[in-house]
Amino acid sequence: MINKINKNLSFLYIGSGYLAAFFLIAVLLFILTGISSRFFGFYIRGLAEYSGYSMAASSFFALSYTFAEKRHLRLQLF
């Protein structure tokens, strides 16, 4: 029973890692689209907001993946 739950959770964690990667790529595309649209003389409204939402979603989904893989970085102050 516990092994089945762990297997399902690890599948969920890997899926959230893929979602985090997707949202990071979306941030890149939104920012590049905003830069290139200004270069060509028009601007698509809302790209900054969409990139902010994508960044928040990426950090949300990446937390579970990094904690499950025991790869989360801790920053310490002196």
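User: Is T66 buried, partly exposed or exposed?
Analyst: In this predicted model, T66 has a relative accessibility of 21%. Buried requires under 20%, and exposed requires over 50%. The value for T66 falls in between, so T66 counts as partly exposed.

User: In which helix is T66 found?
Analyst: Helix α2 spans residues 47-68. T66 is found in helix α2.

User: What distance separates the C-alpha atoms of T66 and I14?
Analyst: Along the chain, T66 and I14 are 52 residues apart. In space, their C-alpha atoms are separated by 9.6 Å.

User: Does S58 count as buried or exposed?
Analyst: S58 lies in helix α2. Its relative accessibility is 4%. The cut-off for buried is under 20%, so S58 counts as buried.

User: Leaving aside its neighbours within four places in sequence, which residues is S58 in contact with?
Analyst: Contact here means heavy atoms within 4.5 Å. Sequence neighbours within four places are set aside. The contacts of S58 are then A20, F23 and L24.

User: Where is the place of F23?
Analyst: F23 is a contact of S58, beyond the neighbours within four places in sequence. S58 lies in helix α2. The place of F23, however, is in helix α1.

User: Which residues is F23 in contact with, leaving aside its neighbours within four places in sequence?
Analyst: S58 is again on the list, seen now from the side of F23. Neighbours within four places in sequence are left out. The full list for F23 is S54, A57, S58 and F61.

User: How far apart in space are F23 and M55, C-alpha to C-alpha?
Analyst: In sequence, F23 and M55 are 32 residues apart. In space, C-alpha to C-alpha, they are apart by 6.7 Å.

User: What does helix α1 reach from its first C-alpha to its last?
Analyst: Helix α1 covers residues 2-39, which is 38 residues. At 1.5 Å a residue, 56 Å is expected. The model comes close to that, with a reach of 55 Å.

User: What is included in the cover of the buried residues of α1?
Analyst: The buried residues of α1 are S16, G17, A20, A26, V27, G34 and S37. What covers them includes α2.

User: Which residue with a positive phi follows α1?
Analyst: Helix α1 covers residues 2-39. The residue named after it has a phi near 95°. That residue is G41.

User: About what area has the nonpolar surface patch made by M1, I2, I5, L9 and L12?
Analyst: One member, I5, has its place in helix α1. At 40% relative accessibility, I5 counts as partly exposed. Together M1, I2, I5, L9 and L12 make a nonpolar surface patch of about 540 Å².

User: How many aromatic pairs does a search of the whole structure find?
Analyst: Rings count as a pair if their centres lie within 6.5 Å. With that limit, the number of aromatic pairs found is 5.

User: What kind of aromatic pair do F30 and Y50 form?
Analyst: The ring centres of F30 and Y50 are 5.9 Å apart, with 35° between the planes. F30 lies in helix α1 and Y50 in helix α2, so the pair ties together parts 20 residues apart in sequence. Under 30 degrees would be stacked and over 60 edge-to-face, so this pair is tilted.

User: And what kind do F39 and F40 form?
Analyst: Their centres are 5.2 Å apart, and the planes meet at 75°. F39 is exposed at 68% relative accessible area, and F40 is exposed at 62%. The angle is over 60 degrees, so the pair is edge-to-face.

Key:
Residues are numbered from 1 along each chain as its sequence is written. This is a predicted model: local features need pLDDT of at least 70, side-chain atom pairs count only at pLDDT 80 or more; totals for chains, interfaces and linings use all residues. Side-chain values use heavy atoms; hydrogens and water are left out. Helices (H or I, at least four residues) and strands (E, at least two) are DSSP runs, numbered from the N terminus. The expected span of a helix is 1.5 Å times one less than its number of residues. Buried means under 20% relative accessible area, exposed over 50%, partly exposed in between (1.4 Å probe, protein chains only). Patches are made of residues with over 30% relative accessible area and no salt bridge: like charges are joined within 9 Å, nonpolar side chains (Val, Leu, Ile, Met, Phe, Trp, Tyr) within 5 Å. Accessible areas come from the Shrake-Rupley method with a 1.4 Å probe; for residues, only the protein chains shown count as cover. A salt bridge is a side-chain nitrogen of Lys or Arg within 4 Å of a carboxyl oxygen of Asp or Glu. Rings of Phe, Tyr and Trp (its six-membered ring) pair if their centres lie within 6.5 Å; planes under 30 degrees apart count as stacked, over 60 as edge-to-face and the rest as tilted.
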